[in-house]
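User: I would like a close look at the interior of this protein, with attention to its enclosed space and to what surrounds that space.

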Amino acid sequence: MTTDTSPTSESRFPQAQDVDVMLLLEGTFPFVSGGVSSWVNQIIRGFPAIRFGAIFLGSRAEDYGDLRYPLPDNLVHLEIVYLFEEQPNPPITRVKASKDAMALVESVHSLFETNMRAPHCEHLFASMMNEAGPDGKLSHETFLYSEASWEYIKKTYRRRSTDPSFVDYFWTIRTIHTPFWRLRAAALRSPRAKIYHSVSTGYAGILGVLLKHRYKRPFMLSEHGIYVKERKIDLYQAQWLKDNRSVFERDPSRVSYFRQLWIRFFEHLGYVTYQAADDIVALYEANRQRQLQDGAPPERTTNIPNGIDVARFAPLRAQRPEQIPQVLCLIGRVVPIKDIKTFIRAMRTVVNHLPAAQAWIAGPEDESPEYAQECREITQQLGLENHVKFLGFQKLTELLPKVGLVVLSSISEALPLVILEGYAAGVPTLSTDVGSCRQLVFGLPGEDAALGASGRVVRIADPQALAQAALELLGDARAWQQASEAAIKRVETYYSQDMMFARYQHLYEKNFQWQE
């Protein structure tokens, strides 16, 4: 019996039979740059005595280019798995589904629909996925070709779907479920680890669930942003999701069925992951509260803020010119969630008052080239070609001494490393009110808040407010200097990487000693 295996360890990547910590990475390090990937690189290098492995989960090979990071010496295993890579299906054959297996499928799906928070939900799911192995009763062939699977899909369509197209429903169900067999194959190939550590829920989290149940070892989860929340944002914006209802059947206040289906799917994955994880880490309290709301057991949760190598950036303060650079720099990927368009629109007002002002956009454009092109077109339409510069990837140590403000115009963030790196170099920030950015700018109540504001915080998608805040700081040397001093004190006191490493060291040591 064949299985749907996705490949993918390449000979150029290190391979090992066992590791200390296996990192489970969805769409991040080492193929995608950005905050989460930087954190992964930082964690691996911060514990040189630990032998790390990593399983990278991506969509398709063509969606990624070369490695964005040199592989650390203590990363002794790296496997690449593409979940949506087109591959030939198993040969068509007559398959008879086990009644017990199909009853298990129905039980799990029933819990997802009616009582997802049942305490045995995680174990039922793991039992079902055990049967998805090569010798199990729920092989990929069973899903694709058995009469029982076909009948179950028809039954769920009649019960649940409010979209008139059965064809679209059928193919959506196939698309949603196919990655599970690839995840199961990855779990079977994976080296043993003392700890499995995912940096998101989603597919990486589910792989962690499978590995925990296979090897009976602890499973840790560290969430930077809340994965389910971010996928909802993506899905609300997605243009590929169909709505086959006629104009008379559509209720503008209701999300289309297939959009709802994908959202519920990721909610289910998140809940199962939370239930399986032995330790659940958030970057700040608001995100921990969101994890609790989404089903994380409170006693397993904790907050560990990001930290940076302050000493690396501190010397950059002396390289700054005497005059405050009238440069607003957005450091990040050129993708919709960063809302680059609002930043560009804000620059029209900034330039009207400060004709020498520059906007630098320092980050890769290959993740969403259509969006990047739209940003360039808006720049031209506003007559800002001489003021808005798309720089691509830049070394921060070369960039930050030339910058007056680090800008984040995002519609979603967690605890952005780039703000902290700017702080260490003495650069205040201008951010939208997302994630922990308000905490980073104004501090937590008490001694942190007493340090003063290290920048400004404005509403999401408000170019005028963004521009006004930028003018307040760049146009007032005293205000800028006060913000710079607060930024330096805040990062040195509360956000050093040594503090972060110490807390992860504690979690790792506790789980290394874990006994079933």
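How many cavities of 30 Å³ or more does the count come to?

Analyst: The model is a predicted one, and in it the count comes to 4 cavities of 30 Å³ or more. The largest cavity holds about 590 Å³ of space, and its lining is made up of 31 residues, among which Val105, His109, Tyr152, Ile173 and His177 lie nearest the centre. Two or more lining residues are given by each of the helices α2 (99-114), α3 (121-130), α4 (140-145), α5 (147-160), α6 (166-189) and α9, and the largest share, 7 residues, comes from α9. Sorted by class, this lining has 21 nonpolar residues, together with 7 polar and 3 charged ones.

Helix α9 also has a part in the packing of the interior. The largest nonpolar core has 71 residues, and Leu57, Phe125, Phe180, Leu183, Tyr203 and Leu207 are the ones that touch the most other members; helix α9, spanning residues 257-276, supplies the largest share of this core, with 12 residues. In soluble globular proteins, nonpolar side chains tend to be buried together. Apart from the core just described there is a second, separate one of 67 residues, which includes Val327, Leu408, Val427 and Leu440.

To return to the largest core, Leu207 is in contact with Leu24, Ile55, Leu57, Leu183, Ala186 and Ala187, once its neighbours within four places in sequence are left aside. Of these contacts, Ile55 and Leu57 lie on one side of strand β2, where Gly53 is buried with them, while Phe52, Ala54, Phe56 and Gly58 are buried on the other side, so that both faces of the strand are covered. Strand β2 (residues 52-58) is largely enclosed by the rest of the structure, because 7 of its 7 residues are buried. It is in the parallel sense that β2 pairs with strand β1 (residues 18-26), over 6 bridges, and within this pairing Leu23 has Ala54 of β2 as its bridge partner.

A pocket offers a further view of the lining residues. The second largest pocket contains about 170 Å³ of space, and its lining consists of Thr93, Arg94, Val95, Lys96, Ala97, Lys99, Tyr145, Glu147 and Ala148. By class, that lining has 4 nonpolar, 1 polar and 4 charged residues, whereas the lining of the largest cavity has 21 nonpolar, 7 polar and 3 charged residues.

Technical notes. Residues numbered from 1 in each chain as written. Predicted model: local features only at pLDDT ≥ 70, side-chain atom pairs only at ≥ 80, totals over all residues. Heavy atoms only, no water. Core = buried A, V, L, I, M, F, W, Y, C linked by side-chain atoms within 4.5 Å. Buried < 20%, exposed > 50% of the residue type's maximum accessible area, 1.4 Å probe, protein only. Helix = DSSP H or I, 4+ residues; strand = E, 2+ residues; numbered from the N terminus. Contact = heavy atoms within 4.5 Å. 1 Å grid on protein atoms, 1.4 Å probe; cavity = no way out; pocket = protein on both sides within 12 Å on 5 of 7 lines; lining within 4 Å. Points joined across faces, edges and corners; volume = space filled by probe spheres on them. Nonpolar A, V, L, I, M, F, W, Y, C, P; charged D, E, K, R; others polar. Pairing = 2+ DSSP bridges.
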